[in-house]
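Me: I am new to reading structures, and I would like a close look at a single part of this one. Could you take me through it slowly, in connected sentences?

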Amino acid sequence: MAPKRNYWLIKSEPEVFSIQALRRDGKTHWEGVRNYQARNHLRAMRTGDLVLFYHSNAEPPGVAGVARVCREAYPDSSQFDPRSDYYDSASKPEDPRWSLVDVEFVEELPELVPLDVLKEDERLDGMLVRKRGMRLSVQPVEREHFARVLKLGKGKTKV
DNA sequence: GCCAACGTTGGC
DNA sequence: GCCAACGTTGGC
């Protein structure tokens, strides 16, 4: 039996990096996570895990596409670069504080699934992104919720 | 270890 | 642009 695949949601501001940018680039280093809970989720990701790509600070905010983990967590080099916005002077190379994963493009959903649709759908009860004040930028998603979001966006990814 | 102050996120 | 919610920092 194949190892259990896990499902996730990652947030990105489309003006900074959108699902269209991921399609253009093919894959990317998911750098800049500077929150411990989000980092721990990154470290729990396994190659092949599928990820909902969520556009935050967008009009409207919502799930725009799907990505796949293509390299598991390793140190985020931007934490050691004093010129980087993500520089962390307290992080030591011998014990890196922050990790990143690489993700690759899977698909852009034919229809963006807006946050208000996520909130209205009773089959998505309990989904973290619906919670008020939920700022976590890397979230676990239940398989059933993942499949439902794909259906709402008419995604073709096989779950 | 408490908690006020501060900075950031992100919906609206 | 506003501001609620949240995480982090630092004085004590």
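Reply: Let us begin with the loop that holds Asn-57, which runs between strand 3 and strand 4. Please keep in mind throughout that this is a predicted model. The two strands that frame the loop cover residues 50–55 for strand 3 and 62–75 for strand 4, and Pro-60 has its place in the loop between them.

At Asn-57, the backbone angle phi is near 50°, a positive value in a residue other than glycine. Asn-57 counts as exposed because its relative accessibility is 66%, and the cut-off for that word is over 50%. Further along the loop, Pro-60 is joined to Glu-59 by a cis peptide bond, whose omega is about -5°.

To set Asn-57 in context, it helps to look at another residue with a positive phi. Lys-154, which is not a glycine, has a phi of about 55°, and Lys-154 is found in the segment after helix 4, the helix of residues 143–152. With a relative accessibility of 48%, Lys-154 counts as partly exposed.

For a contrast in burial, turn to His-41, which sits in helix 2, made up of residues 36–44. His-41 counts as buried because its relative accessibility is 17%, and buried means under 20%. Leaving aside residues up to four places away in sequence, His-41 touches Trp-8, Leu-136, Val-138, Gln-139 and Pro-140.

Conventions. Residues numbered from 1 in each chain as written. Chains lettered and ligands numbered in written order. Predicted model: local features only at pLDDT ≥ 70, side-chain atom pairs only at ≥ 80, totals over all residues. Heavy atoms only, no water. Helix = DSSP H or I, 4+ residues; strand = E, 2+ residues; numbered from the N terminus. Buried < 20%, exposed > 50% of the residue type's maximum accessible area, 1.4 Å probe, protein only. Contact = heavy atoms within 4.5 Å.
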